[in-house]
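Hi,

Here is the structure I said I would pass on. Have a look at it first, then read my notes below.

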Amino acid sequence: MSAHPTPGQTSEHNDVVFLLEEQHQTIRLLLAKVLDETGTERRKSFRDLMERLIVHETTEEEIVHRYARHTIVNGEQLVADRLVEEESLKQALVHLELLDPDSPEFVDAFEQLRQEVLAHDDAEEAREFAPLKERGDPAELQALAQAVRAAAALAPMHPRPGLTSAKENILAGPATAAVYDRARDAIRKIVDEL
């Protein structure tokens, strides 16, 4: 499988580390946006953040962590640590999704989530992404970026606590979950606009 850079970009900008770091930047911006808004706009921003987080974490669990386990020194332990953090994030998202976004409980729980996401992203970038960039084969890193993009189209958009491996995600039917999630979100959007 050959990965070619898009015009004007070096191959470095098409590798999985670059892609995931871009996703982290988008997530950081959304984390700030949620608390800057209120009411329906906060709810929409939170849902956008939640979807991006879940798609990001699912594709990492299914593709990137598998590669990291075998590519970087102490990869098994590094991935295990990230999976514990990711499970905690999923639990927090499930809790937040049930709350009124304008309630003090939501604000407090969201601030806790925000701190956890930022710490998780920092740890991932320093302990997993940097070694991947250093030790990973450039062609493989580019192929992984393509795989992450493809998997994102089938990833669930809502948290599924307890599912942290490719096998568990596949057995849970991520494509079916993604279709269900998209239908549920379309219905919610219609209801929110009434």
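**What I found**

Let me start in a small spot: Asn 74 sits in the loop between H2 and helix H3, which covers 75–97. Its phi is near 60°, a positive value in a residue other than glycine. Before you read on, keep in mind that this is a predicted model.

**The overall picture**

Stepping back, the protein chain has seven helices and zero strands. Along the sequence that reads α-α-α-α-α-α-α. Of the 194 residues in the protein chain, 45% are buried. If you take contacts between residues at least 6 apart in sequence, 77% of them join residues at least 24 apart.

**H2 against H5**

Two packed helices are described by the angle between their axes and the distance between the axes. For helix H2 (residues 39–71) and helix H5 (residues 138–152), the axes come within 9 Å and cross at roughly 145°. The crossing of H2 past H5 is right-handed. So which residues of H2 and H5 make the contact? On the H2 side they are Val 55, Thr 59, Glu 62, Ile 63, Val 64 and Tyr 67. H5 brings Glu 140, Leu 141, Leu 144, Ala 147, Val 148, Ala 151 and Ala 152. Sorted by class, this contact of H2 with H5 holds ten nonpolar residues, one polar and two charged.

Leu 144, in helix H5, deserves a second look. Its relative accessible area is 12%, so Leu 144 is buried, the cut-off being under 20%. Leaving aside neighbours within four places in sequence, Leu 144 is in contact with Val 16, Ile 63 and Tyr 67. Ile 63 and Tyr 67 are also among the H2 residues in the contact with H5. There is a long reach along the chain here too: Leu 144 and Asp 15 are 129 residues apart, yet their C-alpha atoms are separated by 7.1 Å.

**The aromatic cluster**

How many aromatic pairs does a search of the whole structure find? It finds three. One of them is Phe 46 with Phe 106: the ring centres are 5.4 Å apart and the planes stand at 85°, so this pair is edge-to-face. Phe 46 is in helix H2 and Phe 106 in helix H4 (residues 104–135), which puts them 60 residues apart and makes the pair a link between distant parts of the chain. Both Phe 46 and Phe 106 are buried.

Phe 46 pairs with Phe 110 as well, with ring centres 6.3 Å apart and planes at 75°, so that pair is also edge-to-face. Since Phe 46 lies in helix H2 and Phe 110 in helix H4, this pair ties together parts that are 64 residues apart in sequence. Phe 110 is buried, as is Phe 46. Put together, Phe 46, Phe 106 and Phe 110 form one aromatic cluster.

**A buried arginine**

Last stop: Arg 82, in helix H3. Is Arg 82 buried or exposed? With a relative accessibility of 3%, Arg 82 counts as buried. Its side chain makes a polar contact with the side chain of Glu 85, at 2.8 Å. Not counting residues up to four places away in sequence, Arg 82 touches His 65, His 120, Ala 123, Glu 124, Arg 127 and Glu 128.

Over to you!

Conventions: Residues are numbered from 1 along each chain as its sequence is written. This is a predicted model: local features need pLDDT of at least 70, side-chain atom pairs count only at pLDDT 80 or more; totals for chains, interfaces and linings use all residues. Side-chain values use heavy atoms; hydrogens and water are left out. Axes are lines fitted to C-alpha atoms, for helices over the stretch in contact, and angles run from 0 to 180 degrees between N-to-C directions. Helices (H or I, at least four residues) and strands (E, at least two) are DSSP runs, numbered from the N terminus. A crossing is left-handed if the near helix is turned anticlockwise from the far one by less than a right angle, and right-handed if clockwise. Contact means heavy atoms within 4.5 Å. Ala, Val, Leu, Ile, Met, Phe, Trp, Tyr, Cys and Pro count as nonpolar, Asp, Glu, Lys and Arg as charged, and the others, Gly among them, as polar. Buried means under 20% relative accessible area, exposed over 50%, partly exposed in between (1.4 Å probe, protein chains only). A polar contact is a pair of N or O atoms within 3.5 Å; within protein, one must be able to donate a hydrogen and the other to accept it, and residues adjacent in sequence count only if both atoms are side-chain atoms. Rings of Phe, Tyr and Trp (its six-membered ring) pair if their centres lie within 6.5 Å; planes under 30 degrees apart count as stacked, over 60 as edge-to-face and the rest as tilted.
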